[in-house]
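Colleague: Please take a close look at one part of this model for me. I would like the strand pairings walked through step by step, with the neighbouring elements added afterwards.

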Amino acid sequence: MPSSPLAGTFPSPDCLVDIPRLVSAYFSVKPDPFDPAQRIAFGTSGHRGSALSGSFNEDHILAVTQAICTYRKNHGIDGPLHLGFDTHALSWPAFISALEVLTANGVTVRIAQNDEYTPTPVISHAILTYNRGRTSGLSDGIVITPSHNPPKDGGFKYNPPHGGPAGSDITGDIEKAANRLLESALSGVSRIPFERALSSPLTHRHDFVTPYVTDLGTILDMEILSGSRIRMGVNPLGGAGVHYWGRIAEHYRLDLTVVNPDVDPTFRFMTLDKDGEIRMDPSSPDAMRGFLETAGNFDIAFACDTDHDRHGIVTRSAGLLPPNHYLSVMIDFLFRTRGAWKADVRVGKTLVSSQMIDRVARALGRNVQEVPVGFKWFVDGLLSGDLGFAGEESAGASFLRRDGTVWSTDKDAIVPSLLAAEILARDGRDPGACYRDLVARFGDPVYRRIDAPATPEEKARLQKLSPENVKTRNLAGDPVLEILTRAPGNGAEIGGIKVTTESGWFAARPSGTENIYKIYAESFRGKDHLETLLAEARELVSQTLSG
């Protein structure tokens, strides 16, 4: 899809969401439970939508929260639930609704002191910290965030006692139960007024910040950062970690500047993304253009999205690093420097991440676990310590503590951001220069994703493809080596198809939220070969869908 001419510019007033109208719609609009677009649907990151379109409203949150309470009761989860929310305008209203239902159902809830925003990885860290050494009375969590989505959106996701995103078996049950509640006009939803919920003995104010900040030394070499003179700049992009960075800098005596400490639910300080939307994506050159103009004042700079589970790294040597580049650099650095990690610890990647990762891992003598899109597929490996690193092409990652034990089972943008500074402090070169070294050793891949229109019927066909449906045996001049509809790392369905050759690959999968499908492609033979690969991939998918 073509880029907007407004990409990379600051939004005009008519681009800004009307916050009073948006919040009013959350409470006043009643979704139609029989309209597929207004039903509850858990994608790879929970339920998302907008109050303006009847897809994220009070009824949705009341129903989902009640369904989570029922799930907890049915599965004997009776420890405290950690409840966090980000800076999107719909997150606070959804927090109110969720707390009213949780306390009415007798759930002990931990909420942040002073109504602070709480990043996704902090909730994961808090769950794991509480559950360490326990076999009963286990904790879980809810994070209210649509991640980097536009300001009009809201999101709601559940993290069970393993601390990571809930698997499809759990979200499927919650989704079905919540939609039944919508269909019955919320009959069966227990709820008390917010003032009573807030003052309930079940509601506890919790310090999320201090345990997370003071624990960072177990996953990063904060001593080398404290002793360095590296000047760091961070832009929280108006997100949930805005109050965390100052505490980190103070605790570890870092030369770290918070470039933009502002929180504004319109996010008017962002430059527009490639499609002309406001989107807090730290890996997007267009969305990051405003920050890139000031990032050069620092030795290393980084930004995080709204719930701080996606990172963007800005280096002096290479500017804003593409996510796949930094994933490769992190893997190379971590497996060389974390001597306490087990010798058989593996690398986790999604099947639409760069093959550079495979080449780096092979040189390190490490096996790769390739899984479908979605961080939920990494949870078990991180929890057990079998995966040293897990990363997604969309700039989300987590890795083990320095002693080889689990840190978080959800994506954490704070830790990879600070790791960029550790790499510079230890190696004397920033991650951009480190990636050039990898290119010299393993080749120089080019990578791109394109979106194409698709009807719901075409999306359904793409999701159910089998290798036999793909007739071609050559792709962009090379013989096809593999046609995959299941991930080689765990045998799970990928919800699409991946075709590989010796010098490149493409993968196609339907969007879970829009009437489009996505084609990811990579070539080790240059841009012209990538364009040929993309064109043939699009034609192949079109023929397959029409046939």
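Modeller: Start with a single bridge. In strand 12, Gly-319 is the bridge partner of Thr-315. Keep in mind that this is a predicted model. The bridge belongs to the pairing of strand 11 with strand 12 (residues 319–320), which is antiparallel and has 2 bridges. These two strands form a hairpin, with 3 residues between them.

Now turn to the other partner of Thr-315. Ile-300 in strand 10 stands opposite Thr-315 in strand 11. Strand 10 (residues 300–304) pairs with strand 11 over 5 bridges, again in the antiparallel sense. Strand 10 and strand 11 also make a hairpin, this one with 6 residues between them. In its turn, His-308 has a positive phi of about 60 degrees.

Next, burial. Strand 11 (residues 311–315) is mostly covered, with 5 of its 5 residues buried. Buried here means under 20% relative accessible area. In a regular strand, side chains alternate between the two faces of the sheet. Both faces of strand 11 are covered. His-311, Ile-313 and Thr-315 are buried on one side. Gly-312 and Val-314 are buried on the other.

How does this fit the record? An unreviewed UniProt entry lists "domain: Alpha-D-phosphohexomutase alpha/beta/alpha" for residues 40–180, 211–315 and 323–442. For residues 323–442, the end C-alpha atoms lie 17 Å apart. That span is 47% helix and 16% strand. For residues 40–180, the end C-alpha atoms lie 10 Å apart, and the span is 40% helix and 20% strand.

Move on to helix 11 and the strands it meets. Helix 11 (residues 323–337) lies across strand 13, strand 15 (387–392) and strand 16. Helix 11 runs at about 170 degrees to strand 15.

The sheet itself is open, with 4 strands in the order 14-13-15-16 and mixed pairing. Strand 14 (368–371) and strand 16 (396–399) stand at the edges with a single partner strand each, so one side of each has no neighbour in the sheet. From one strand to the next, the twist averages 15 degrees.

Finally, one pairing in that sheet. Strand 13 (residues 346–350) and strand 14 run parallel and are joined by 4 bridges. Lys-349 stands opposite Glu-370 in strand 14.

Definitions and conventions: Residues numbered from 1 in each chain as written. Predicted model: local features only at pLDDT ≥ 70, side-chain atom pairs only at ≥ 80, totals over all residues. Heavy atoms only, no water. Pairing = 2+ DSSP bridges. Axes fitted to C-alpha atoms, helices over the stretch in contact; angles between N-to-C directions. Contact = heavy atoms within 4.5 Å. Buried < 20%, exposed > 50% of the residue type's maximum accessible area, 1.4 Å probe, protein only. UniProt positions renumbered as here; feature names shortened; annotations may be inferred.
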